[in-house]
Amino acid sequence: MDRILSEITTIANHLSVMRNDPEVYCPKRCPDCGFGKLWGHGCDFRKADRGEGTLNPVPIARWRCGKCRQTGSRLPLCIAPRRWFNWSVQGAVLVWVLSGCSHNAAAHMARISRHTVTRWRR
């Protein structure tokens, strides 16, 4: 099962899909046992809009298997799994640092912690 839905590329698009057709996020079969009866299991919320923060909190649809009782969720492409910042932010920061920009300057431009820049650089 794909953990990330590549066709949903912006948070605004994700919010629209969640409002109008949240079943898009439910897989056809359970990735653990292969059973075909999954149902919606509420939402988790994430602070995925790290830019201006105006769209937070962002709902993440959850599902549950009727057989093995496992729960799970799928993310849109615009929300990086297990990360606070979007891929584009990390990519830009790494380009700046690898091009000779200091960690402090890159952190200031991206409005993130210098420690985050150092960790990403490592």
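Two strands are taken to pair if DSSP finds at least two bridges between them. In this predicted model, the strands β3 and β4 form a hairpin with 5 residues between them, and within that turn R69 has a positive phi of about 70°. The hairpin strands belong to an open sheet of 3 strands, whose order is β2-β3-β4 and whose pairing is antiparallel.

**Edges and twist of the sheet**
- Because β2 (38–46) and β4 (71–73) stand at the edges and each has a single partner strand, one side of each is left without a neighbour in the sheet.
- Neighbouring strands of this sheet are turned against each other by 35° on average, with direction ignored.

**Pairing along β3**
- Strands β2 and β3 run antiparallel and are joined by 7 bridges, and across the sheet D44 stands opposite I60 in β3.
- On the hairpin side, β3 (residues 58–65) pairs with β4 in the antiparallel sense over 3 bridges, where R62 has S73 in β4 as its bridge partner.
- As a general point, strands of a sheet pair through backbone hydrogen bonds, in either a parallel or an antiparallel arrangement.

**Packing and burial**
- Helix α1 (residues 11–20) packs on the sheet and touches β2 and β3, with the direction of the helix making about 50° with that of β3.
- Of the 8 residues of β3, 7 are buried, so this strand is largely enclosed by the rest of the structure; buried here means under 20% relative accessible area.

Conventions
Residues numbered from 1 in each chain as written. Predicted model: local features only at pLDDT ≥ 70, side-chain atom pairs only at ≥ 80, totals over all residues. Heavy atoms only, no water. Helix = DSSP H or I, 4+ residues; strand = E, 2+ residues; numbered from the N terminus. Axes fitted to C-alpha atoms, helices over the stretch in contact; angles between N-to-C directions. Contact = heavy atoms within 4.5 Å. Buried < 20%, exposed > 50% of the residue type's maximum accessible area, 1.4 Å probe, protein only.
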